[in-house]
Amino acid sequence: MLPLCSDREMSELLARKEEEWRALQAHCAQLQEKALQTTQKQLEETQGKLQRLQEDFVYNLQVLEERDLELERYDVEFTQARRREEAQQAEASELKIEVAKLKQALTRETRRVEELQHQHQLMLQEHHLELERVHSDKKSEIDHQQEQYENLKWKLERKLRELDGELALQRQVGCCWEL
C-alpha cells in the first residue's frame, strides 16, 4: 500500500503525474507524428513504386501486344512467302519440263538440219560435178569452135591474099590494056 499523503501532496502529486502524463502524451504524439510522417513517406515511395510498376506493366503490356501484332504480321508474311515459294517451285518445275521438251525439240531439229545439210552437201557435190562436166563440155566445144574459127580465119586470109594477088594482077593487066 501507499503511504497516506495529504491533499496538498496529493494535488501536487496528481499535478505532477498529470504533467508527466501530458509530457508522455506529447512525447507519444511526437513519436506517432514521426511514425505517421515516416509511414506517409514510405506510403508515398511505395505509391511511386506502384505507379512506376503500373506504368512499366502497361508499357510491357503494350510491347507484348505490339510484339503479338508483329508476330501475327510475320506469320501472315511467312505464309504468303511460303505460298509464293511453292508457286515459284511449281513454275520452276513446269519450266524444267518445258526446257526438257524444248531440248528434245532442239535435238530433233538439229538432227533434221544436219540431215538437210548432208543432203544439201551431196546435192552441191552433184551440181559441182555436173557443172565441171558442163564446163568441160563447153570448153571442148569452145576449143572446137576456136579451132574452126582459126581454120576459117586462115582460109579467109589465104583467100583474101589470093584475091589481093588476083586484083593486083588484074590491075596490072588493066593498066597494060590502057596503054
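This report describes the fold, the surface and the salt bridges of a predicted model of one protein chain.

## Overall fold and dimensions

The secondary structure of the chain consists of 1 helix and 0 strands. The radius of gyration is 71 Å, well over the 16 Å that the globule rule gives for 179 residues, so the chain is more spread out than a compact globule. Consistent with that description, the C-alpha trace spans about 230 × 50 × 20 Å along its principal axes.

The helix, H1, covers residues 7-178. Within those limits, the unreviewed UniProt entry places a feature called "coiled-coil region" at residues 14-166. In the model, residues 14-166 are 100% helix and 0% strand, and the C-alpha atoms at the two ends of this span lie 206 Å apart.

## Surface and charge

Of the 179 residues in the chain, 0% count as buried. The accessible surface amounts to about 17,500 Å², and carbon and sulfur atoms account for 58% of that area.

As for charge, the chain carries 28 positive and 39 negative side chains, and the centres of these two sets are separated by 4 Å. Side chains of opposite charge can pair when their charged atoms come close. Under a cut-off of 4 Å between a side-chain nitrogen of Lys or Arg and a carboxyl oxygen of Asp or Glu, the count in this model comes to 11 salt bridges.

## A salt-bridge network at Arg 22

One of the salt bridges joins Arg 22 to Glu 19, with the closest N and O atoms 3.4 Å apart. Because Arg 22 and Glu 19 are 3 residues apart in helix H1, they are separated by about one helical turn. Arg 22 has a relative accessible area of 45% and is therefore partly exposed, while Glu 19, at 47% relative accessibility, also counts as partly exposed.

The pairing of Arg 22 with Glu 19 belongs to a wider arrangement, in that Glu 18, Glu 19 and Arg 22 are linked in a network of salt bridges.

## Further pairs along helix H1

Another salt bridge brings together the side chains of Arg 112 and Glu 109, with an N to O distance of 2.5 Å. Arg 112 and Glu 109 both lie in helix H1, where a spacing of 3 residues corresponds to about one turn of the helix. The relative accessible area is 43% for Arg 112, which is partly exposed, and 35% for Glu 109, which likewise falls in the partly exposed class.

Arg 133 forms a salt bridge with Asp 137, and here the closest N and O atoms are 2.9 Å apart. Since Arg 133 and Asp 137 are 4 residues apart in helix H1, about one helical turn separates them. Arg 133 counts as partly exposed at 43% relative accessibility, and Asp 137 is partly exposed as well, with a relative accessible area of 40%.

Methods
Residues are numbered from 1 along each chain as its sequence is written. This is a predicted model: local features need pLDDT of at least 70, side-chain atom pairs count only at pLDDT 80 or more; totals for chains, interfaces and linings use all residues. Side-chain values use heavy atoms; hydrogens and water are left out. Buried means under 20% relative accessible area, exposed over 50%, partly exposed in between (1.4 Å probe, protein chains only). UniProt positions are given in the numbering used here, feature names are shortened, and annotations may be inferred rather than shown by experiment. The radius of gyration is taken over C-alpha atoms; the globule rule is 2.2 Å times the number of residues to the power 0.38. Accessible areas come from the Shrake-Rupley method with a 1.4 Å probe; for residues, only the protein chains shown count as cover. Lys and Arg count as positive and Asp and Glu as negative; His and the chain ends are not counted. The place of a charge is taken as NZ of Lys, CZ of Arg, CG of Asp or CD of Glu.
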